[in-house]
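Q: I am new to this model and would like a close look at one part of it. Could you take me through a single pocket slowly, and then show me what else is worth seeing around it?

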Amino acid sequence: MNLDAAMAAAVEQSEAVKGRTYPNPPVGAVILDRDGEIAGVGATDPPGGPHAEILALRRAGERAIGGTAVVTLEPCNHFGRTPPCVDALVAAGVAEVAFAVADPNPVAAGGAARLAESGVRVHAGVRSDAVACGPLREWLHKQRTGMPHVTWKFASSVDGRSAAADGTSQWITSEAARADVHRRRSTADAIIVGTGTVFVDDPALTARRSDGSLADRQPLRVVVGMREISPDATVLNDDSRTMVIRTRDPHEVIKALSDRTDVLLEGGPTLAGAFLRAGVVDRILAYVAPILLGGPVTAVDDVGVLSIAQAQRWRFDGVQTVGPDVLLSLVPA
């Protein structure tokens, strides 16, 4: 197995624990033996538990000697809740270490240099884009900015409508798209909606499995706005925790969620417009169904654009099909 293929396997491990490791990053690791065969895999445990490299080394055992460790993030070089991973890699006798992304945390950084000093060959930047735009996207953003990564997620018809003229919107997109949304909810730290969405749709804002049961992990439900919501609103049930923030200022909302990493914005067109005008949306996920609705209910209201020259510019960083629908991923240009 070459390094690219091994890193793809490490990314799969990383994706499997996304949302469960904060404040640690969701790292994946693969140990290849001398013959290039997978000897062990691992992904970071919840805080206080072993890091990905440690678990992969345990599963590899003596097959790690003279082998290669492939890790999505530069192995840590500090004592935190656990000892440095670089020490374990050197002690295990690996000959090479390949990683995708350098650790931006100055406390934990320096693993690559330490490995090289110990005689381990180091390969940096292996499939770095796949990792930085994949399972580590939100964590890296938090490390750079100190603030949570905000993804505006919405579903629309191909002509940009989020509901029919009579207000009905269930369901614009397919069951496959809805399942993908629930998967993403189960890894997110919080979901934001406005009081208007609570009044109109009475959403549960939970992550559910295909059989309708609650997923093991639920995001914090966040309702923003100045209006009181009914104590009987579904969003206040016991399925998950809920935070109500009495403000219309997106910056205040993000500040209140500063201890989170991965935040989904799922509110209606008014709330989406406010967050876009404030410049606090880091990614757009648009589930577009091959239907036409027309009518006045658009996916987003005023974003402060009066002319083409003032248009907000975004670029695609991913396009995929989800059932009969298309999922567009965009980041600021």
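How do the residues of the lining of the second largest pocket divide into nonpolar, polar and charged?

A: Happy to help. The lining of the second largest pocket divides into 5 nonpolar, 6 polar and 10 charged residues. (Ala, Val, Leu, Ile, Met, Phe, Trp, Tyr, Cys and Pro count as nonpolar, Asp, Glu, Lys and Arg as charged, and the others, Gly among them, as polar.)

Before going further, a word on what you are looking at. This is a predicted model, in which local features need pLDDT of at least 70 and side-chain atom pairs count only at pLDDT 80 or more, while totals for chains, interfaces and linings use all residues. Residues are numbered from 1 along each chain as its sequence is written, and side-chain values use heavy atoms, leaving out hydrogens and water. The predictor's confidence in each residue, pLDDT, runs from 0 to 100. For the protein chain its mean is 93, with 100% of residues at 70 or more. Among the elements, helix H8 (residues 195-201) has the lowest mean pLDDT, 91, and strand E1 (residues 28-32) has the highest, 98. Helices (H or I, at least four residues) and strands (E, at least two) are DSSP runs numbered from the N terminus.

Back to the pocket. Its volume is about 430 Å³. A total of 21 residues line the second largest pocket, and Glu-15, Cys-133, Arg-183, Arg-184 and Arg-283 lie nearest its centre. Two or more lining residues come from each of helix H6 (137-145), helix H7 (175-187), strand E10 (262-265), strand E11 (283-289), strand E12 (314-322) and strand E13 (325-332). On a 1 Å grid over the protein atoms alone, a pocket is an open set of points with protein on both sides within 12 Å along at least five of seven lines, a cavity is a set where a 1.4 Å probe fits but cannot get out, and lining residues have an atom within 4 Å of a point.

Strand E13 is a good place to pause, as Leu-328 sits in it. Leaving aside residues up to four places away in sequence, Leu-328 touches Ile-284, Leu-285, Ala-286, Val-288, Phe-316, Gly-318 and Val-319 (contact means heavy atoms within 4.5 Å). Leu-328 and Leu-285 are 43 residues apart along the chain, yet 5.7 Å separates their C-alpha atoms.

The structure also holds 1 cavity of 30 Å³ or more. The largest cavity has a volume of about 130 Å³. Its lining has 14 residues, with Lys-18, Gly-19, Pro-26, Asp-189 and Thr-261 nearest the centre. That lining divides into 4 nonpolar, 5 polar and 5 charged residues.

Next comes the loop between helix H1 (3-16) and E1, where Asn-24 lies. Asn-24 counts as buried because its relative accessibility is 18%; buried means under 20% relative accessible area, exposed over 50%, and partly exposed in between (1.4 Å probe, protein chains only). Beyond residues up to four places away in sequence, Asn-24 touches Thr-44, Pro-47, His-51 and Trp-139. Pro-23 is in the loop between H1 and E1 too, and the peptide bond from Tyr-22 to Pro-23 is cis, with omega near 10°. Another cis peptide bond, with omega about 5°, joins Gln-170 and Trp-171; Trp-171 is in the loop between strand E6 (149-157) and H7.

Some backbone angles deserve a glance as well. Most residues other than glycine have a negative phi, and most peptide bonds are trans. Arg-127, not a glycine, has a positive phi of about 50°. Arg-127 lies in the loop between strand E5 (121-124) and helix H5 (128-132) and is partly exposed, at 37% relative accessible area. Asp-202 also has a positive phi, near 45°, and is in the loop between H8 and strand E8 (220-224).

Finally, look at helix H2 (residues 52-60): 7 of its 9 residues are buried, so it is largely enclosed by the rest of the structure. Its buried residues are Ala-52, Glu-53, Ile-54, Leu-55, Ala-56, Leu-57 and Ala-60. Their cover includes E1, strand E2 (38-43), strand E3 (68-73) and helix H3 (85-92). Just after H2, Gly-61 takes a positive phi of about 60°.

Notes
Grid points are joined across faces, edges and corners, and a volume is the space filled by probe spheres set on the points.
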